[in-house]
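Biologist: I'd like to learn how to read a fold feature by feature. Could you walk me through one?

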Amino acid sequence: MQYDTKGIPQEVQLKLYERMLKPRMIEEKMLILLRQGKISKWFSGIGQEAISVGVASTMRNEEYVLPMHRNLGVFTTRNIPLHRLFAQWQGKASGFTKGRDRSFHFGTQDYNIIGMISHLGPQLGVADGIALANVLKKRKLVTAVFTGEGGTSEGDFHEALNIAAVWDLPVLFCIENNGYGLSTPTSEQYRCEHLADKGKGYGIEAHVIDGNNILEVFSKVNTLCERMRENPAPVLLEFKTFRMRGHEEASGTKYVPNDLMEEWAAKDPIANYESYLLKEGILTDDIIADRKAKISTEIDEHLKIAFEEETVPVVKQRELEDVYQQYTPKAVEPGSDLKSIRLVDAISEGLRQSMELHDNLVLMGQDIADYGGVFKITEGFVDSFGKERVRNTPICESVIVSAAAGLSINGMKAVMEMQFADFASTGFNPIVNYLAKMHYRWNEKADVVIRMPCGGGVAAGPFHSQTNEAWFTKTPGLKVVYPAFPYDAKGLLAAAIDDPNPVLFFEHKALYRSIYQDVPTNYYTLPFGKASLLKEGDTITVVTYGAGVHWALATLGRHPDISADLIDLRTLQPLDIETVYASVEKTGKLIILQEDSLFGGIASDISALVMENRFEYLDGPVRRIASLETPIPFAKNLEEQYLPKERFEEALLQLVAY
Ligand SMILES: Cc1ncc(C[n+]2csc(CCOP(=O)(O)OP(=O)(O)O)c2C)c(N)n1
């Protein structure tokens, strides 16, 4: 192996050696512990240390690094106390996730390291968001993110590179091409010669680097980082290396040809570098023995600390509380100056006033800048707040959700507009796996609101009419808001943006321009988890939300003889079940109206909760009325049949008569 010092001082050369030695020695210890059954799983980075150590050594401490499962060298180079890493791997409290996630699946703001989720790809977009926050704050910092070559086949890779290119983000995309993705060789993973060749397609500078040569990694990355700090733009690096052990220890390496193993064993990044340093007289056998002894002692001492720590305490209440960041909402009262406006105007006004209040708030979405969004909610926003904060995005929902998480991690707030709620499906993974689980996993907020123009009755067919709140109410960690009136929409949107937790904010398209209300002109917030009682009666309880509220109002309007409580839930998570209980205790009858198709919707859970907790008060069967169990059809008459308006009226009369 050829080493070119490129002027790297000797003490740095020595440091790089020590830094590679440490993760190697930790790994060797872990392999022993694994065999002894003292840790559960191990993803080895043996043979790949030069990449983690080389990249991390060029980065400043205040710069974020987003490593993968084989990048122990990033963690050790940032000097995380080993006992905390060991505790993390043993699921103990002094790790980084209170025993809630395994191995390298954690982030730590103390060390500016943001770890992966199992799905690999999302963190590429998170890096974009972190880098964007730096650019907006005018901080000249690089963000480095890692992926394996297997991960480059994910859509997130494409989306993240494209966004970084279009937005000139200083992200160092580091592909560790180690030959295999689990058992899949590169020949079955991609067709181009080098993955770095893909850079050209995105208009991104790209380089191939010998990932086993620490001096090459260090000097090239160092030069690139210095330039990227001054001239922000992404760079794609493909580090050629090899995975010397199984995907994880239990899976072995039988499928890897022996000659390949031998070829790469000869290129070991530590052994070769050690020989070179010995030859140059920078390293001596005594120094090697001394450093190894020191690292060995450190490992043993820290392992002792981790082993002596008791298993993580099991406190149910704490588990439940940590799903969300606890915070006390700042209540701002609605003023008395009112103006009659539509739902669409109320949302626009709430958003605009939040932009004025929070100067760290960034809006992202397709066509939201000069065009004002397809529903014109952000019309005129660019004039007021500029294109930096009101950002058009390419068509890439997944990476924009991930970037929103990155913005939040780096101290910003983000609101993303899904052009239609239906398209949340292409951003589903980072919503339910990244945003929703981040606080529970490693105590980090996800200060993100996703606006979801939704709903039927607009003859727009199966892909522009869905009301898909049930996809999200199922997932702990998300809040779900679904207003039916302009007043609620404005105050709840302001509250959603203020809330540091991820919020899915549903806006019914059919209500946008049809529902008017007198709305306070000032900035105000409304609390989550408080339903509103729109009508009071004593024979039946009607529970609904969104467009259902207006259908129920119209139906009850046609039947003035029915004395009903009409409850508009307003938020589905948190759910104000107490208001439902109180009403059922009074009326003894409950009908729940939901626009979505029936199975697995919120109506089913409300029904179950009432049966379980207020059964004795019921004077009839709980009824759930919802759309047909089909996708939502296009033709007007088919859509009318699909939606539950008529069935609601029938069922209401039946239940009243029961
Ligand atoms: C979305 C998703 N699909 C599949 C997997 C299972 N899986 C975990 S790691 C891995 C291989 C990753 O290969 P690569 O990106 O090359 O990284 P390496 O493990 O080689 O370092 C696979 C298939 C996963 N974690 N996430």
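**Reading the sheets, the pocket and the odd spots**

Modeller: Let's start with an open sheet of seven strands, in the order E12-E11-E13-E14-E16-E15-E21 and with mixed pairing. Keep in mind that this is a predicted model.

Biologist: Which strands are the edge strands there?

Modeller: Strand E12 (390-392) and strand E21 (571-573), each of which pairs on one side only. From one strand to the next, the twist averages 20 degrees.

Biologist: Which helix packs on the sheet?

Modeller: That's helix H18 (residues 486-498). Among the strands H18 touches are E14 (448-454), E15 and E16 (503-508), and its direction makes about 160 degrees with that of E16.

Biologist: How should I think about strand pairing in general?

Modeller: Strands of a sheet pair through backbone hydrogen bonds, and they do so either parallel or antiparallel. Here, strand E15 (residues 479-481) and E21 pair in the antiparallel sense, over two bridges. If you want a spot to click on, Val480 has Gln573 in E21 as its bridge partner.

Biologist: What kind of peptide bond joins Gln573 and Pro574, cis or trans?

Modeller: First the background: most peptide bonds are trans, and most residues other than glycine have a negative phi. The bond between Gln573 and Pro574 is cis, with omega at about 5 degrees. Pro574 sits in the loop between E21 and helix H21 (577-587).

Biologist: And what is the sign of phi at Leu120, positive or negative?

Modeller: Positive: phi of Leu120 is near 65 degrees, in a residue other than glycine. You'll find Leu120 in the loop between strand E3 (113-114) and helix H5 (122-136).

Biologist: Back to sheets. What is the strand order in the open sheet of five strands?

Modeller: The order is E18-E20-E19-E22-E23, and the pairing is mixed. At the edges are strand E18 (532-535) and strand E23 (623-627), each pairing on one side only. The twist in this sheet averages 25 degrees from one strand to the next.

Biologist: How do strand E19 and strand E22 run, parallel or antiparallel?

Modeller: Strand E19 (residues 540-544) and strand E22 (residues 590-597) run parallel, joined by three bridges. Val543, for instance, has Ile592 in E22 as its bridge partner. Across E19, E22 and E23 lies helix H24 (residues 645-657), running at about 175 degrees to E23.

Biologist: Now, how do you look for pockets?

Modeller: Rolling a probe the size of a water molecule over the atoms shows where empty space is left. In this model, the largest pocket has a volume of about 390 Å³. Its lining has 21 residues, with Tyr327, Pro329, Lys479, Pro527 and Phe528 nearest the centre. By class, the lining of that pocket has eleven nonpolar, four polar and six charged residues.

Biologist: Last one: how do I read aromatic pairs?

Modeller: A pair of aromatic rings is described by the distance of the centres and the angle of the planes. The whole structure has 23 aromatic pairs. One of them is Trp89 with Phe104, edge-to-face at 5.5 Å centre to centre and 65 degrees between the planes. Trp89 lies in helix H4 (residues 82-89) and Phe104 in the loop between H4 and strand E2 (107-108), so the pair ties together parts that are 15 residues apart in sequence.

Definitions and conventions: Residues numbered from 1 in each chain as written. Predicted model: local features only at pLDDT ≥ 70, side-chain atom pairs only at ≥ 80, totals over all residues. Heavy atoms only, no water. Pairing = 2+ DSSP bridges. Helix = DSSP H or I, 4+ residues; strand = E, 2+ residues; numbered from the N terminus. Axes fitted to C-alpha atoms, helices over the stretch in contact; angles between N-to-C directions. Contact = heavy atoms within 4.5 Å. 1 Å grid on protein atoms, 1.4 Å probe; cavity = no way out; pocket = protein on both sides within 12 Å on 5 of 7 lines; lining within 4 Å. Points joined across faces, edges and corners; volume = space filled by probe spheres on them. Nonpolar A, V, L, I, M, F, W, Y, C, P; charged D, E, K, R; others polar. Phe/Tyr/Trp six-rings, centres within 6.5 Å; stacked < 30°, edge-to-face > 60°.
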